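Reader: I am new to this structure and should like to learn how its features are read. May we take them in turn, with the general idea before each case?

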Amino acid sequence: MAITQAMPLAFLCSVIFLLVNVDAGGITIYWGQNGNEGTLAETCATGNYDFVNIAFLLTFGNGQTPMINLAGHCNPYSNGCTGSYNLTSAEDARQVATYLWNYFLGGTSSSRPLGDAVLDGVDFDIKGGTNQHWDDLAKYLSGYRKRGKKVYLIAASQCLFPDAWVGGALKTGLFDYVWVQFYNNPLCQYSSSSIGNLEDAWKQWTTNIPATKVFLGLQATPAAAGSGFIQVV
């Protein structure tokens, strides 16, 4: 998984929307937080990526008005990348799922932020709040699959197993893909002196998580994260 942002994803906490080519598996990137990365259309037109995540929905849950933030590209709400999210109950999760369906997925609304574009799924990149009710959100979103269009569910997890935030949600078996972050995590990432920590963590993820595919999440350049870069020679 190639990361294009100059800061690690740990600072960009949210649910992320997913545009996906379901016929292939390969490189995944996040688009939306770097004003120099080109437009979304240009990114997709390169043909380099099989998955493009639109990042981020930074505010939702607990009665808050959901807020999407695309940083330098467009952000009608604020100039920063701050936000808060928290699911306080199963009913709160149901309301968030309804919002996501109507505003970004296959539902209808008079004020869809991306117009007529219908996205393919939701990526849970949760790095804050609590670990409660993400399983409920996954179940409610999965329920929309019965309406004729599959809703892909993805989780962006830390490589320490199980993930502190969405470990419980992953047990539902509802997730199609899991991108596991093998950087900024010294206990389970690659180091020049040993690959053992990464190998052990990879085995845990690939043998214990019931997902269609598990992706090896790596930083694209040394500057993209604090540690864990793997030099390809």
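**Strand, cores, charges and a disulfide**

Author: Let us begin with strand 6, where Y152, I154, A156 and Q158 point one way, L153, A155 and S157 point the other way, and all of them are buried. The general idea is that side chains in a regular strand alternate between the two faces of the sheet. Please keep in mind that the model is predicted.

Reader: How many of the residues of strand 6 are buried, and what follows for the strand?

Author: Of the 7 residues of strand 6, 7 are buried, so the strand is largely enclosed by the rest of the structure.

Reader: In which sense do strand 5 and strand 6 pair?

Author: Strand 5 and strand 6 pair in the parallel sense, over 4 bridges. As an instance, D123 has I154 in strand 6 as its bridge partner.

Reader: How should one read a nonpolar core, and which residues touch the most other members of the largest one?

Author: In soluble globular proteins, nonpolar side chains tend to be buried together. Here the largest nonpolar core has 44 residues, and L100, F124, W134, L137 and L141 touch the most other members. Helix 2, residues 90-103, supplies the largest share of this core, with 6 residues. There is also a second, separate core of 11 residues, which includes F51, A156, Y177 and F215.

Reader: With which residues is W134 in contact, leaving aside its neighbours within four places in sequence?

Author: On that count, W134 is in contact with F60, Y85, L87, F124, I126, W165, V166 and A169. W134 belongs to helix 3, where D136, L137, A138, L141 and S142 are buried as well.

Reader: What covers the buried residues of helix 3?

Author: The cover includes helix 2, strand 5, strand 6 and helix 4.

Reader: Let us turn to charges. How many salt bridges does a search of the whole structure find?

Author: Side chains of opposite charge can pair when their charged atoms come close. The search of the whole structure finds 5 salt bridges. One of them joins the side chains of E91 and R94, at 2.6 Å from N to O.

Reader: Where do E91 and R94 lie relative to each other in helix 2?

Author: An α-helix has 3.6 residues a turn, so residues three or four places apart point the same way. E91 and R94 are 3 residues apart in helix 2, and therefore about one helical turn separates them. E91 is partly exposed at 36% relative accessibility, and R94 is partly exposed at 33%.

Reader: Which parts of the chain does the pair of K149 and D120 link?

Author: K149 and D120 form a salt bridge whose closest N and O atoms are 3.2 Å apart. This pair links distant parts of the chain, 29 residues apart: K149 is in the loop between helix 3 and strand 6, and D120 is in the loop between helix 2 and strand 5. K149 counts as partly exposed, at 29% relative accessibility, whereas D120 is buried, at 16%.

Reader: Are D125 and K127 buried or exposed?

Author: D125 is buried, with 0% relative accessibility, and K127 is buried too, with a relative accessible area of 13%. Their side chains meet in a salt bridge of 2.1 Å, N to O. Elsewhere, R145, K150 and D176 are linked in a network of salt bridges.

Reader: How far from D136 is the nearest side chain of opposite charge?

Author: That side chain is K139, 4.7 Å away, and D136 is buried yet has no salt bridge. The cut-off used for a salt bridge is 4 Å, so a pair at 4.7 Å does not count as one. D136 lies in helix 3 and touches A90 and A93, when residues up to four places away in sequence are not counted.

Reader: Finally, which residues does the disulfide join?

Author: A disulfide is a covalent bond between the sulfur atoms of two cysteines. The count here comes to 1 disulfide, joining C159 to C188 with an S to S distance of 1.9 Å. C159 lies in the loop between strand 6 and helix 4, and C188 in the loop between strand 7 and helix 5, so the pair ties together parts that are 29 residues apart in sequence. The torsion about the S-S bond is about 75°, so this disulfide is right-handed. Both C159 and C188 are buried, whereas C44 is partly exposed, with a relative accessible area of 39%.

Conventions: Residues numbered from 1 in each chain as written. Predicted model: local features only at pLDDT ≥ 70, side-chain atom pairs only at ≥ 80, totals over all residues. Heavy atoms only, no water. Core = buried A, V, L, I, M, F, W, Y, C linked by side-chain atoms within 4.5 Å. Buried < 20%, exposed > 50% of the residue type's maximum accessible area, 1.4 Å probe, protein only. Helix = DSSP H or I, 4+ residues; strand = E, 2+ residues; numbered from the N terminus. Contact = heavy atoms within 4.5 Å. Lys, Arg positive; Asp, Glu negative; His and termini not counted. Disulfide = S-S within 2.5 Å. Pairing = 2+ DSSP bridges.
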